[in-house]
Amino acid sequence: MTVTQQEIENRLWDAADELRVAMPEAQYSSVVFPLMFWKYLSDTWEHHHQEFLAENEGLNKLSAEEANAIEYRDYQSFEIPFIHPGTVKKCRASWSSILATITQPGLGQRVRASLQAIETANPDKFSRLFGSMTWTSEEVLSGEVLAAVMQAMDRTPKMHEGNMSHDVLGGAYEYLLKRFSDGSGTRAGQFFTPREVVELIVEVLEPKGHESVYDPTCGSGGMLIASANLLKARGGRGYTLSLNGQEAVTDTAGVARMNLFMHNLTQFKVEVGDTLKDPRFKKPDGSVKQFDVIVANPPYSLKWKPWTNDSRAIGGVAPQSSADWAFVQHMIASMAPKRGRAGVVLPHGVLFRGGQEAAIRQRVLADDLLEAVIGLPANLFYSTSIPTAIMVFRAPGTKAPERRDGVLFIDASKQFTKAKKRSILTDADIADVVTAYHSKFDANGNPVDPDEEGRLTARFVPTTEIVATGYDLNIGRYIKQAATEQEDLGTLIDVYNIARAERQKAEQSMLAVLAAAGIVGFDE
């Protein structure tokens with residue numbers, strides 16, 4: 001039986017829609033994803049179990065222990081253990097076993113016991129996979145609603161590779177991620193970066209086979225998956241990538257792990273913790289571990305507790321009011337020598353804000369680490385409407401000769417298609433930006449083959465010109481076509497405050513000089 005992508009997406013959304021009487025859409029993912037993954041594990045285990053029975057005659061001559069050893073050695077890659085769920089006799093912690101008890105009281109308790117048993121039986125693969133599971137409590141989600149969700153989800157076909165490809169399974173998972181983000185705004189959108197933005201960053205960084213990829217704020221794992229997908233689309237083997245991520249929210253880290261499994265990516269490690277305060281990927285000497293490719297869409301302008309003594313703080317320490325540059329510093333420290341590169345999405349304020357951030361920019365430019373700044377359209381993201389920029393970094397000394405001692409600026413602010421709730425980058429838009437990124441530039445920094453339609457403008461700017469502006473990376477300084485109407489209110493306020501502070505400083509210096517000369521009265 002062939003199952004289409006549309007069929008499984010519709011049926012899974014029907015299951016999610018059963019929750020509308022119990023909770024806001026922003027919370028659907030905490031219920032639907034664990035249930036969906038549990039069904040996937042159960043269906044996969046049962047599929048391989050039937051293969052084991054069909055291919056092994058004379059099992060009755062073996063003890064249960066011997067048969068079990070053969071099955072888990074040759075057929076199963078994880079265990080679905082037995083549980084003793086109270087009022088129900090001993091049963092396997094599988095979807096079908098618990099579904100058979102759906103009319104009995106305590107359904108949530110049995111579901112929780114099953115998920116916990118699977119985590120415990122497979123600590124290397126599924127530790128903390130299912131998150132907090134607070135939704136299994138009757139006070140949070142009634143047994144009737146939970147039963148309705150499970151019954152609706154059970155109408156989906158068997159979810160294993162014998163019945164549908166991992167491309168379909170992974171696509172269905174991503175469909176639900178996007179649907180939850182589209183419908184619920186900021187809360188769900190916080191851990192879902194639009195696919196086209198992810199693809200653009202990955203296209204620019206070009207992961208290669210057997211490389212390591214790291215996302216320090218991995219959310220649902222989309223950037224890690226996109227890295228493997230790009231390699232596969234180009235004829236490589238995506239499963240050869242070592243995928244690594246850290247996420248501060250336990251339930252979201254579980255979503256990422258499930259997402260990776262659904263895409264048949266098993267060479268991964270997702271850790272839980274605050275990346276700035278407690279980076280979980282470290283070398284034996286305590287310094288941060290280094291990777292070939294680093295990708296991230298960190299939380300914007302996050303208030304944080306600044307470092308007091310940290311080797312990551314090149315050029316200074318980011319201000320308490322915004323951790324934007326702290327995330328960048330962490331990513332720079334995480335770049336492997338010789339071939340490390342990083343791509344991060346951040347608000348435009350990081351390009352020109354003064355004070356400590358300006359000092360960090362100065363050091364980054366002095367070390368020639370910044371390769372490109374790509375200005376994106378406004379309203380691309382689910383959680384904010386402000387325009388953002390992708391910053392691309394290269395490990396020291398690894399820039400191509402023609403890109404050294406300068407920064408490539410690309411204005412893609414007009415490259416979008418207007419959708420119902422947000423702007424969208426099409427495949428053609430992404431291709432245009434990637435082409436501009438790989439372009440050659442003349443002595444004036446202009447592309448040899450410019451965009452004929454005039455929608456996309458790029459310029460390679462020498463570091464000396466950037467130094468002359470006070471290390472300002474605002475795209476509009478170097479590409480005049482960067483439309484001012486694209487700037488968000490927060491950015492304009494930042495610009496105003498910086499200009500106001502500079503004027504006040506100049507006035508104070510002037511008044512001091514006049515006072516020293518005996519001239520007074522100008523400050524009234």
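Biologist: In this predicted model, is the crossing in which α2 passes α12 left-handed or right-handed?
Modeller: Start with the axes of α2 and helix α12 (residues 250-262), which come within 10 Å and cross at roughly 35°. Then look at which way one helix is turned against the other: the crossing of α2 past α12 is left-handed.

Biologist: Nice! How do the residues of the contact of α2 with α12 divide into nonpolar, polar and charged?
Modeller: Let's see who meets whom. Phe-33, Pro-34, Met-36, Phe-37 and Tyr-40 come from α2, and they meet Val-255, Met-258, Phe-261 and Met-262 of α12. Sorted by type, the residues of this contact come out as no charged, no polar and nine nonpolar.

Biologist: Which helix gives the largest share of the largest nonpolar core?
Modeller: That core has 107 residues, and those touching the most other members are Leu-35, Phe-37, Trp-38, Val-111, Phe-130 and Met-150. As a general background, nonpolar side chains in soluble globular proteins tend to be buried together. Here the largest share of the core is eleven residues, and they come from helix α2 (residues 28-55).

Biologist: Which residues is Leu-35 in contact with, leaving aside its neighbours within four places in sequence?
Modeller: Leu-35 is one of the core residues that touch the most other members. With those neighbours set aside, the contacts of Leu-35 are Trp-95, Val-111, Trp-135, Leu-146, Val-149, Met-150 and Met-153.

Biologist: Now the open sheet: which are its edge strands?
Modeller: Nine strands, with mixed pairing, line up in the order β5-β4-β3-β6-β7-β9-β8-β10-β13. The twist from one strand to the next averages 15°. An edge strand pairs on one side only, and that holds for β5 (268-272) and β13 (457-462).

Biologist: What is the bridge partner of Glu-247 in β5?
Modeller: Strand β4 (residues 242-247) and β5 run parallel and are joined by five bridges. In one of the pairs, Gln-246 is matched with Glu-271 of β5. For Glu-247, the partner in β5 is Val-272.

Biologist: How many of the five residues of β5 are buried?
Modeller: β5 is an edge strand, pairing on one side only. Even with that, β5 is largely enclosed by the rest of the structure, because its buried residues number four of the five.

Biologist: What angle does the direction of helix α13 make with that of β7?
Modeller: Two helices are worth finding on the sheet. Helix α10 (residues 195-205) lies across β6, β7, β8 and β9, and runs at about 150° to β7. Helix α13 (residues 324-333) packs on the sheet too, touching β3, β6, β7 and β9, and with the direction of β7 its own direction makes about 175°.

Biologist: Is Tyr-478 buried or exposed?
Modeller: Tyr-478 is found in helix α17 (residues 475-478). Not counting residues up to four places away in sequence, Tyr-478 touches several others, among them Phe-409, Arg-459, Val-461 and Ile-466. Its relative accessibility is 5%, and buried means under 20%, so Tyr-478 counts as buried.

Biologist: Last one: is Lys-338 buried or exposed?
Modeller: Look in the loop between α13 and β7, where Lys-338 is found. Lys-338 is not a glycine, although its phi is positive, about 80°. Its relative accessible area is 77%, and the cut-off for exposed is over 50%, so Lys-338 is exposed.

How values were computed:
Residues numbered from 1 in each chain as written. Predicted model: local features only at pLDDT ≥ 70, side-chain atom pairs only at ≥ 80, totals over all residues. Heavy atoms only, no water. Core = buried A, V, L, I, M, F, W, Y, C linked by side-chain atoms within 4.5 Å. Buried < 20%, exposed > 50% of the residue type's maximum accessible area, 1.4 Å probe, protein only. Contact = heavy atoms within 4.5 Å. Axes fitted to C-alpha atoms, helices over the stretch in contact; angles between N-to-C directions. Left-handed = near helix turned anticlockwise from the far one by under 90°. Nonpolar A, V, L, I, M, F, W, Y, C, P; charged D, E, K, R; others polar. Pairing = 2+ DSSP bridges.
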